[in-house]
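Visitor: Could you take me through one part of this structure in detail? I would like to look at the metal site and then work outwards from there.

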Amino acid sequence: MPRTISSERFRELFDRFNEIGATERGGVNRPSLSPENERARDALVEWFEDAGLSVTVDEMGNLFGRRGGRDDDLPPVLIGSHVDSQYNGGRYDGVIGVLGALEVVQMLNDAGIETERPIEVVSWSNEEGVRFQPDMLGSGVFAGKFDREFAYSREDKEGNTFGEELERIGYHGKELCEPRDLHSYIELHVEQGPKLEDSDLSVGIVEGVYGFVWFDAAFEGSADHAGPTPMHLRHDALVATGDVIDAVRRIAGTGGEDLVGTVGSLDVSPNSINVIPERVDFTVDFRSYNDSVVNQAADRICEEIDHAATREGIEAEYEEIMRIESQSFDEGVIEAVADAANALDADATRLVSGAGHDASYLNRVCPTGMIFVPSVDGVSHTEDEFTEWGDVVTGVNVLLNATIEKANEGIEWG
Ligand SMILES: [Zn+2]
């Protein structure tokens, strides 16, 4: 028989937590290392300790709560997510993964269930990447993707560094932030897309995460008066950018079934109604589960940027600022999640995540998997983010049973 959590207790925990940094429109504002993020961390430490977990904070501010195993020397099963939010973000993103993991522990405590391996609950630092870029900084350092000094040097818009702010809120812990022996990692998260809702399903068994490439690019033309300058004498940086936006659409439409492409940021200068745009700084983002599809899209857009510059008689510059290969999760963890969903009779399907998660980095250091629950209207990163409570509870129940399975894996019971 599958185990189940207490829906009422979990609801109370969830609502209490989301009072911290609550916004008038029903969201939360708890960006990384803000006063609200500090209070959210304080609450977690208190609740972890109340649940009998031994709490450690590492030098990136990642927060761990450990429940001992029957054999405490075995590598633990790690479960969790993040509690930093977007500016005026939603109440579910990350939160259900951390609080859900805490609820798993409470259920095991209440039922007096021991597991062979220890279980650790984790809340990763700076997942969202809205105040300090890049995103997934805490799990990235943990997995060896970034070094610690790089992380500490990240600055917000006011020039405060991640290192100073971590110190200021009192969460610069002593524990080294580096890969260590973990049995497995399981993360519960909202889908942030429409697939589950469209198919009327409650649970996504996540098989992997899209790879992606990011470019910073700019065109430099010349600013002239919008009146006296004839069309054939113009060197308009925004016209060239328009060609690139069009090309991104075209490449995404022809480059591979799941390829998506976005120009998400434009900075036009001087940005004035009667001046021909002299300079435009912009970004390009391509993603697919197939790394060679991402590579081809990256090559094609570089050519398109060069062509657009030639056509307009202007200078182009571009730089690849980030490239992450797609991640395929561990078959064993995927199976444990699928078995749990099956035992609970949940309406589930296998899918791939278009968004990056802490699990993408954890996948580099231990067997990893994820569980998705539906995002109503596919919406996330806004105050309107919503998941039906029944689906949240089903997701936590899948996490619970998958965690028990992994924590006792390979152990014969006498
Ligand atoms: Zn998230």
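Guide: What follows starts at the zinc ion and moves outwards to loops, rings and cores. Keep in mind that this is a predicted model.

Start with the metal. The zinc ion is coordinated by H82 through NE2, D93 through OD and H189 through NE2. The distances run from 1.9 to 2.1 Å. Along the chain, these donor residues follow the spacing H-x10-D-x95-H. D93 sits in the loop between strand 3 (77–82) and helix 3 (95–111), while H189 belongs to strand 5 (residues 184–190), so this pair ties together parts that are 96 residues apart in sequence.

Are these two donors buried or exposed? The cut-off for buried is under 20% relative accessible area. D93 has 4%, so D93 is buried. H189 has 1%, so H189 is buried as well.

Now follow the chain on from strand 5. G193 lies in the loop between strand 5 and helix 7 (195–198). Its relative accessibility is 11%, so G193 counts as buried. Leaving out residues up to four places away in sequence, G193 touches S375 and G378. C366 is another matter: G193 and C366 are 26 Å apart in space, C-alpha to C-alpha, and 173 residues apart in sequence.

Next, S380. This residue is found in the loop between strand 14 (368–373) and helix 12 (389–407). With a relative accessible area of 17%, S380 is buried. Its side chain makes a polar contact with the side chain of Q192, at 3.2 Å. Sequence neighbours up to four places away aside, S380 touches Q192 and E385.

Turn to the aromatic rings. One aromatic cluster is formed by F10, F14, Y92, F386 and W389. R11 lies over the face of W389, 4.3 Å from the ring centre. Elsewhere, the charged end of R287 sits over the ring of F212, and the distance to the ring centre is 4.9 Å.

In total, the structure holds 14 aromatic pairs. Take F64 and F142 as one of them. A pair of aromatic rings is described by the distance of the centres and the angle of the planes. For F64 and F142 the centres are 6.1 Å apart and the planes stand at 40°, so the pair is tilted. What does this pair tie together? F64 lies in strand 2 (residues 63–67) and F142 in helix 4 (residues 137–142), so the pair links parts that are 78 residues apart in sequence. Both rings belong to buried residues: F64 has 3% relative accessibility, and F142 has 1%.

Last, the nonpolar cores. The largest one has 96 residues. Which members touch the most others? They are F17, I79 and L99. Look at F17 in detail. Not counting residues up to four places away in sequence, F17 touches R30, A40, L44, W47, V83, V95 and L99. A second, separate core has 26 residues, including V244, L259, V294 and A298.

To retrace the route, go back to the zinc ion and its donors H82, D93 and H189. From there, move to G193 in the loop after strand 5, then to S380 and its polar contact with Q192. Finish with the tilted pair of F64 and F142 and the core around F17, I79 and L99.

Technical notes. Residues numbered from 1 in each chain as written. Predicted model: local features only at pLDDT ≥ 70, side-chain atom pairs only at ≥ 80, totals over all residues. Heavy atoms only, no water. Core = buried A, V, L, I, M, F, W, Y, C linked by side-chain atoms within 4.5 Å. Buried < 20%, exposed > 50% of the residue type's maximum accessible area, 1.4 Å probe, protein only. Contact = heavy atoms within 4.5 Å. Phe/Tyr/Trp six-rings, centres within 6.5 Å; stacked < 30°, edge-to-face > 60°. Helix = DSSP H or I, 4+ residues; strand = E, 2+ residues; numbered from the N terminus. Lys NZ or Arg CZ within 6 Å of the ring centre and 35° of its normal. Polar contact = N/O pair within 3.5 Å; in protein donor to acceptor, adjacent residues only side chain to side chain. Donors = N, O, S within 2.8 Å, 3.2 Å for Na, K, Ca; no water.
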